[in-house]
Amino acid sequence: MTISIIFPLTISPNSIPFPPFSRSNVRRSFPTLICSSASSVMDGTATTSLFPLHRCKTLHLVRHAQGIHNVEGEKNHKAYLSPELFDAQLTPLGWEQVDNLRKHVHACGLAKNIDLVITSPLTRTMQTAVGVFGGEGYTDGVTVPPLMVANAGNSNRSAISSLNCPPFIAVETCREHLGVHPCDKRRSTSEYYHLFPAIDFSLIESDEDILWKAETREANEEVAARGLKFINWLWTRKEKEIAVVTHSGFLFHTLKAFGNDCHPLVKEEISKHFANCELRSMIIVDRSMTGSGSSSTNYPGKIPRGPDLPSDIAKEMHTEN
């Protein structure tokens, strides 16, 4: 399957560019972003692309809100090595950022359109995901399990309901850089079950975190390859509009692999560093014939049956006869 991310749907002016990295191995194995038609590639002019709607998905990419590791790491980068930052949770400011983004997704109507929320299985990403896209507070008689129990991760927050919101799935493929930094190590899924009861952890194979290594930090190229594998996996999902709550490094190195045939400003818009609790909407396109079924909105036409030849073709047929 050949998949590309195309045109960002939003522009965020407050993001900070991140240093580049080598992607030579990734380029050989994965597709690049498609932003122009075949003719524009030939003549060097910028133009647009056209794709069938049912071969596209909309992704709403979100970096988690401010975590305690962000604060300590900005003071001293060596703080990222501190065991005290294990599975870092959100700060009070981070929760304020969550509340602001929640207001935005409801005000612009986005909250009603999302079919699925995918989250990295770390406390800060799950707190962000349920805080932004979860249900409202509980009312009398409601017995559905909460997305987050009260005070999960020392949040000092009330329980967050799973009522009237999309399903939530935890996926390991969209985790942050693996290894060395304790803040990027997850807890056991059995512990998360009690904190986030309505999040589906069934796609995580191991209860304990066997991916994080204390002595080895995942290379940038490995993060990018993992991210592109995640993008391709999204095409196994039936949902068409998906929110993904993940991490800065994962987003940067994944998106940096796309957009090489776009205008430089478009590529920069796609791949620049995410701010805490920033949301950017993107379109991904399946350029093969294997990623999606038939359209739910296309209509075949010519019903009822009858003469239907375009005038120019009808003229040619009469001329030949």
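Here is a short chat about Glu176 and strand E8 in a predicted model.

User: Where does Glu176 sit?

Analyst: Look in the loop between strand E6 (168-170) and helix H6 (189-195).

User: Why is Glu176 said to have no salt bridge?

Analyst: A salt bridge needs a side-chain nitrogen of Lys or Arg within 4 Å of a carboxyl oxygen of Asp or Glu. For Glu176, the nearest side chain of opposite charge is Arg124, and that one is 5.5 Å away, so the cut-off isn't met. Glu176 is buried all the same.

User: What makes the approach of Glu176 to Gly249 a polar contact?

Analyst: The side chain of Glu176 reaches the backbone nitrogen of Gly249 at 3.0 Å. The limit for a pair of N or O atoms is 3.5 Å, so this pair makes the cut.

User: Which residues is Glu176 in contact with, leaving aside its neighbours within four places in sequence?

Analyst: The list includes Arg124, Asp184, Glu218, Arg226 and His247. Ser248, Gly249 and Phe250 are on it too.

User: Why is strand E8 called largely enclosed by the rest of the structure?

Analyst: Because eight of the eight residues in 279-286 are buried, and buried means under 20% relative accessible area. Both faces are covered: Leu279, Ser281, Ile283 and Val285 are buried on one side, with Arg280, Met282, Ile284 and Asp286 buried on the other.

User: How do you know that E2 and E8 pair?

Analyst: Pairing takes at least two bridges. Strand E2 (residues 56-63) and E8 have seven, in the antiparallel sense, so they qualify. As one of the bridge partners, Val285 in E8 goes with Cys56.

Technical notes
Residues are numbered from 1 along each chain as its sequence is written. This is a predicted model: local features need pLDDT of at least 70, side-chain atom pairs count only at pLDDT 80 or more; totals for chains, interfaces and linings use all residues. Side-chain values use heavy atoms; hydrogens and water are left out. Helices (H or I, at least four residues) and strands (E, at least two) are DSSP runs, numbered from the N terminus. Buried means under 20% relative accessible area, exposed over 50%, partly exposed in between (1.4 Å probe, protein chains only). Lys and Arg count as positive and Asp and Glu as negative; His and the chain ends are not counted. A polar contact is a pair of N or O atoms within 3.5 Å; within protein, one must be able to donate a hydrogen and the other to accept it, and residues adjacent in sequence count only if both atoms are side-chain atoms. Contact means heavy atoms within 4.5 Å.
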